[in-house]
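Colleague: I would like to learn how to read the features of a model like this one. Please start with burial.

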Amino acid sequence: LPRHLAHDAAFVERFKREVKATCVMSHPNIVRIHDTGIEKGIFYLATEFIDGETLNQRLRREGKLPLIEALRVGRDVARALNHAHARNILHRDVKPENVMISRNGVVKLADLGLVKFLNDEQFITAEGIAVGTPHYISPEQARALKSVDHRSDLYSLGAMLFHIITGRLPYEGDNGAEVMKRHVFEAAPDPRGVDPNLPANIAEMLMKLMAKNPDQRF
């Protein structure tokens, strides 16, 4: 944790929560934390080293992933989320930058810094402050609702899959606020508008994941 943030109680609490959340999880598709502590006033954690790159780096280089590989990435991230959700933990920032791919192809979900315990009534982020990344944020997270649950992560997974399958972001805009507004008010885009050759069942899966109403998602 940067030294100047060590004096910020909110950041320290979020850091401790990241460690607490990750320590209760052990899954092959989640980056492991080995140790944590304080050294000379600096809060730190040591994670496993992933010899590879982020999904975002891969996208920048290739534009999009072959469909079968994209679906494999989605499957493994879904498995990681399922493990977290079973422990009442939300990730809240599923995006390509937070997905690691090792040299031997293992997919790992990383960066639980925005994690939220569903059974914890002491929220760090107050209602009215949106948390997440605009291009992949769920409508309920963009609206800063406290009633966010695991289906918000599923929406972000759908938005990320849309990007890595089609090579295009589901919504674009001149700034983050405009993008979040589109996530809230515009219907889920049909990925076949970008790739007409995409199988219908894949397109339907993405649109179901990105349904505005959480009750209409998986």
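Modeller: Buried means under 20% relative accessible area, exposed over 50%, and partly exposed in between, with a 1.4 Å probe and protein chains only. In this predicted model, 47% of the 218 residues of the protein chain count as buried.

Colleague: What conventions apply here?

Modeller: Residues are numbered from 1 along each chain as its sequence is written, and side-chain values use heavy atoms, with hydrogens and water left out. As this is a predicted model, local features need pLDDT of at least 70 and side-chain atom pairs count only at pLDDT 80 or more, while totals for chains, interfaces and linings use all residues.

Colleague: How many helices and strands are there in the protein chain?

Modeller: Helices (H or I, at least four residues) and strands (E, at least two) are DSSP runs, numbered from the N terminus. The protein chain has seven helices and seven strands, and their order from the N terminus is α-β-β-β-α-α-β-β-β-β-α-α-α-α.

Colleague: And which residues touch the most other members of the largest nonpolar core?

Modeller: A nonpolar core is a set of buried Ala, Val, Leu, Ile, Met, Phe, Trp, Tyr and Cys residues joined through side-chain atoms within 4.5 Å. The largest one here holds 39 residues, and Leu55, Val73, Val77, Val99, Met160, Ile164 and Ile165 touch the most other members. Among the elements that each supply at least two of its residues are helix H2 (55-62), helix H3 (67-85), strand E5 (99-102) and helix H5 (150-166). H5 gives the largest share, nine residues. Separate from this is a second core of five residues, including Phe15 and Phe43.

Colleague: Where is Ile165 found, and is that residue buried or exposed?

Modeller: Ile165 is found in helix H5 and is buried, with a relative accessible area of 4%.

Colleague: Which residues does Ile165 touch?

Modeller: Contact means heavy atoms within 4.5 Å. Leaving out residues up to four places away in sequence, Ile165 touches Lys64, Leu65, Leu67, Ala70, Leu71, Leu198, Ile202 and Leu206. On the same basis, the partners of Leu55 include Val73, Val99, Met160 and Ile164.

Colleague: What share of the contacts in the protein chain with a separation of 6 or more comes from residues 24 or more positions apart?

Modeller: Such residues account for 63% of those contacts. A C-alpha to C-alpha distance can also be set beside a sequence separation: Ile165 and Pro191 are 26 residues apart in sequence and 8.7 Å apart in space.
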